[in-house]
Amino acid sequence: MAAESKIDPMHQFTVEPIVPLHIGGYDISFTNSSLWLLITLALIFGFVAMGMRRDLVPGRWQMAVEGLTGFIDDMVRVNIGPEGRKYMPFVFSLFAFILVSNLLGLLPLAIIPGLHPFTTTSHFSITGILAVMSFGLVLVIGFWRHGLHFFSLFIPHGTPKPMIPLIAAIEFISFMVRPFSLGLRLFVAMIAGHILMEVFGSFVVSGLNGGPLIAAVVSLPSLLLIIGILALELLVCAIQAYVFALLTTLYLNDAVNLH
Amino acid sequence: MDYESAKVIGAGLAAIGVGTAAIGVGLVFGQFLNSALRNPAAADGQQGRLFIGFAAAELLGLIAFTVAILILFVV
C-alpha cells in the first residue's frame with residue numbers, strides 16, 4: 001500500500017508575513033491576518049458610508065444600513081433600557097466586525113490557485129482581545145457609575161444570609177470566566193467549522209486519487225457534505241456574531257442596571 | 001500503553017463531550033419549537049433568549065472540543 005499522506009487541517013490558519021517589519025526585536029510584520037483585517041474594515045466602512053444618506057424615503061442601500069443599525073439599536077434598547085443607546089456604536093462595531101470577519105473566511109477564493117481566504121476571528125488573539133474589550137468596558141462602566149457598590153452585583157436580591165459567602169464566590173467565578181468564554185466561543189466555532197471543511201475536502205481529493213470506484217463512494221458524498229456544512233457555517237457565522245453582541249449587551253446591562 | 005496512544009485515546013474520550021453537548025443544543029431548540037408552536041404570537045419575542053440558551057449549551061461542547069485539542073497537541 002502506498003503511504004497515506006496525513007491530513008493537515010491546521011495549515012489554513014497559519015499567519016504568514018507579507019511585508020516583514022522588525023523594530024527592536026519585535027516582529028510587527030504586515031501579515032495576511034492584517035491584510036484581512038484591513039479588508040474587513042474597508043468593507044464595513046464602505047457599506048455604512050454608502051448608506052449614510054438622509055433621504056426621507058430611503059433607497060435600498062440606505063434601507064439596508066438602517067436595517068442593520070436598527071437591529072442593533074433595538075437589541076441594545078430592549079436589553080439595557082433607554083440609556084443603553086449610547087453603547088450602540090460599540091456593540092454595532094463588534095457585531096459588524098465579527099460578522100464580516102467570519103463571512104470573509106468562507107469566500108471561495110481557493111478557486112484561484114495559490115489564494116485562500118483567511119478567517120481573522122479564527123485566532124484566539126483576535127477574539128480574546130474583542131472579549132477583553134467587552135469585559136473591560138463592562139468593568140469601567142460599572143465602577144464609573146456605581147463605584148464600590150458595583151460589587152453588590154455578586155449578591156443577588158434575597159439570598160439568605162448564611163449562603164452569601166458561597167453565592168458570592170460562585171457569582172464572582174462565573175463573572176470572571178465571562179471574557180474567556182466570550183472569546184473561546186467565537187474562536188472554537190470558527191476553527192471547528194473550517195477544520196471540518198478541510199477534512200472533508202481532503203477526503204474528496206484522496207478519493208479522487210484512489211480510482212473511479214473509490215471516487216464515487218468517497219468523493220461524491222464528501223462533496224455534498226461540504227456543501228451542506230458550508231450552508232451551516234454561514235448560519236453559524238451569523239449566529240456567533242449575534243451571540244457575541246447579545247452577550248456583550250447583557251453584560252453591559254449588568255454593569256449599567258446592576259441587577 | 002505508550003504516551004502517544006494514551007494521548008489519542010484521551011482525545012477521543014474528551015470528544016464524547018461534544019456529542020453530549022449536541023444533545024443539549026437539540027434540547028434547547030426543541031423546547032423552543034415545542035412552545036413556539038403552542039403560542040406562535042409570543043415566539044418572536046423570545047428569540048433572543050433562544051440564542052442565549054444555544055450559546056451557553058454550545059460553549060460547553062466547544063470547551064470539550066478544546067480539551068480534546070489540548071490533550072492531542074499541547075500536553
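Which residue follows helix 6 of chain A, and what is the sign of its phi? In this predicted model, helix 6 of chain A is followed by A:Gly211, a residue whose phi is positive and lies near 105°. Helix 6 itself comprises 32 residues, for which a span of 46 Å is expected at 1.5 Å a residue, and the distance of 47 Å between its end C-alpha atoms agrees with that expectation.

Chain A as a whole contains seven helices and four strands, and its elements, taken from the N terminus on, are arranged as β-β-β-β-α-α-α-α-α-α-α. Its radius of gyration is 23 Å, whereas a compact globule of 259 residues would have a value near 18 Å; along the principal axes, the C-alpha atoms fill a box of roughly 70 × 55 × 50 Å. Of the 259 residues in chain A, 25% are buried, and among the contacts in this chain with a separation of 6 or more, 61% are accounted for by residues 24 or more positions apart.

Helix 4 of chain A, formed by residues 124-146, has 23 residues and reaches 32 Å from its first C-alpha to its last, which is close to the 33 Å expected at 1.5 Å a residue. The buried positions of helix 4 are A:Ile126, A:Thr127, A:Leu130, A:Ala131, A:Ser134, A:Phe135, A:Val138 and A:Gly142, and these buried residues pack against helix 3 (88-104), helix 6 (178-209) and helix 7 (212-256) of chain A. Just after helix 4, A:Gly147 adopts a positive phi of about 60°.

The largest nonpolar core comprises 42 residues, of which A:Val91, A:Leu94, A:Phe95, A:Ile98, A:Ala241, A:Phe244 and A:Ala245 touch the most other members. Two or more residues are given to this core by each of helix 2 (60-80), helix 3, helix 4, helix 6 and helix 7 of chain A, and also by helix 3 (47-74) of chain B. Helix 7 of chain A supplies the largest share, 11 residues. When residues up to four places away in sequence are not counted, A:Phe95 touches A:Ile72, A:Ala241 and A:Ala245.

In contrast to these core positions, A:Arg54 is located in the loop between helix 1 (32-50) and helix 2 of chain A, and A:Arg54 counts as exposed because it has 6 C-beta neighbours inside 10 Å, where the cut-off for an exposed residue is 12 or fewer. A:Arg54 and A:Tyr26 are separated by 28 residues in sequence and, C-alpha to C-alpha, by 46 Å in space.

Chain B has three helices and zero strands, in the pattern α-α-α along the sequence. Its radius of gyration of 17 Å is well over the 11 Å that the globule rule gives for 75 residues, so chain B is more spread out than a compact globule; its C-alpha trace spans about 60 × 15 × 10 Å along the principal axes. Buried residues make up 8% of the 75 residues in chain B, and helix 1 of this chain is hardly covered, with zero buried residues among its 36. The end C-alpha atoms of helix 1 of chain B (residues 3-38) are 54 Å apart, in agreement with the 52 Å that its 36 residues should span at 1.5 Å a residue. Among contacts in chain B between residues at least 6 apart in sequence, 94% join residues at least 24 apart.

Between the two chains, nine residues of chain B are in contact with 11 residues of chain A. The side of chain B that touches chain A is made up of six nonpolar residues, two polar residues and one charged residue.

Conventions:
Residues are numbered from 1 along each chain as its sequence is written. Chains are lettered from A and ligands numbered from 1 in the order in which they are written. This is a predicted model: local features need pLDDT of at least 70, side-chain atom pairs count only at pLDDT 80 or more; totals for chains, interfaces and linings use all residues. Two residues are in contact if their C-beta atoms, placed from the backbone, lie within 7 Å. Ala, Val, Leu, Ile, Met, Phe, Trp, Tyr, Cys and Pro count as nonpolar, Asp, Glu, Lys and Arg as charged, and the others, Gly among them, as polar. The expected span of a helix is 1.5 Å times one less than its number of residues. A residue is buried if 20 or more other C-beta atoms lie within 10 Å of its own, exposed if 12 or fewer, and partly exposed in between; C-beta atoms are placed from the backbone. A nonpolar core is a set of buried Ala, Val, Leu, Ile, Met, Phe, Trp, Tyr and Cys residues joined through C-beta atoms within 7 Å. The radius of gyration is taken over C-alpha atoms; the globule rule is 2.2 Å times the number of residues to the power 0.38.
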